[in-house]
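Here are a few short exercises to work through with the viewer open. Try each one yourself before reading the solution.

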Amino acid sequence: QVQLVESGGGLVQAGGSLRLSCAASGIAFRFNDMGWYRQAPGKRRELVARISNGGNTHSADSLEGRFTISRDNAKSTVYLQMNSLKPEDTAVYYCNAGITTLTNLSYLEVWGQGTLVTVSS
């Protein structure tokens, strides 16, 4: 039983900032890599950024360094700080986590329901 809950989405003007949070909860699981993806209407879901359990990060080059991913292992939470937002950043942002079950060490991927970010001109 694992659940990801995103928060922090909303409406912001171009040039503004938002901070997304994704809290993972459950028992008998270890959270490994966590990441953020986004999907705009009519487009494929794309990677925004990922962060490993040890804190190593990878982000899409197209973001031009405007977004920063981080995590707090004690809180089982991953964050996405979004700065200098552009209208083309408008999308539903999804949290993703790789988890390992502690009973049999199976690996699973879990997705959140998504949070909408709308950037106006």
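**Exercise 1.** In the largest nonpolar core, which residues touch the most other members?

*Solution.* Keep in mind that this is a predicted model.
- Step 1: pull up the core, which has 31 residues.
- Step 2: look for the best-connected members, and you land on Trp-36, Leu-80, Met-82 and Tyr-93.
- Step 3: ask where the core comes from. Strands 1, 3, 4, 5, 7, 8, 9 and 11 each put in at least two residues, and strand 9 gives the largest share, with five.

**Exercise 2.** Take Tyr-93 and list what it touches, skipping residues up to four places away in sequence.

*Solution.*
- Step 1: set the contact cut-off to heavy atoms within 4.5 Å.
- Step 2: go through the hits. Tyr-93 touches Trp-36, Leu-80 and Met-82, which are the other residues named in Exercise 1.
- Step 3: add the rest, namely Glu-6, Leu-20, Tyr-37, Arg-38, Val-48, Phe-67, Gly-114, Thr-115 and Val-117.

**Exercise 3.** Work out the strand order of the four-stranded open sheet, and say which strands stand at its edges.

*Solution.*
- Step 1: recall that strands of a sheet pair through backbone hydrogen bonds, either parallel or antiparallel.
- Step 2: trace the partners, and the order reads 1-3-8-7, with antiparallel pairing.
- Step 3: check the ends. Strand 1 and strand 7 each have a single partner strand, so one side of each lacks a neighbour in the sheet.
- Step 4: get the twist, which averages 15° from one strand to the next.
- Step 5: zoom in on one pair. Strand 1 and strand 3 are joined by six bridges, and one pairing to look for is Glu-6 with Cys-22 in strand 3.

**Exercise 4.** Is Ser-21 buried or exposed?

*Solution.*
- Step 1: locate Ser-21 in strand 3.
- Step 2: compare its relative accessible area, 18%, with the cut-off for buried, under 20%. Ser-21 is therefore buried.
- Step 3: see what is around it. Beyond four places in sequence, Ser-21 touches Val-5, Glu-6, Ser-7, Trp-36, Thr-77, Val-78 and Tyr-79.

**Exercise 5.** How does the radius of gyration of the protein chain stand against the globule rule?

*Solution.*
- Step 1: count the elements, which gives zero helices and 11 strands.
- Step 2: compute the radius of gyration, 14 Å, and set it beside the 14 Å the rule gives for 121 residues; the chain is therefore as compact as a globular protein of that length.
- Step 3: add the spans of the C-alpha trace, about 50 × 25 × 25 Å along the principal axes.
- Step 4: finish with burial, which covers 43% of the 121 residues.

Key. Residues numbered from 1 in each chain as written. Predicted model: local features only at pLDDT ≥ 70, side-chain atom pairs only at ≥ 80, totals over all residues. Heavy atoms only, no water. Core = buried A, V, L, I, M, F, W, Y, C linked by side-chain atoms within 4.5 Å. Buried < 20%, exposed > 50% of the residue type's maximum accessible area, 1.4 Å probe, protein only. Pairing = 2+ DSSP bridges. Axes fitted to C-alpha atoms, helices over the stretch in contact; angles between N-to-C directions. Rg over C-alpha atoms; globule rule 2.2 N^0.38 Å.
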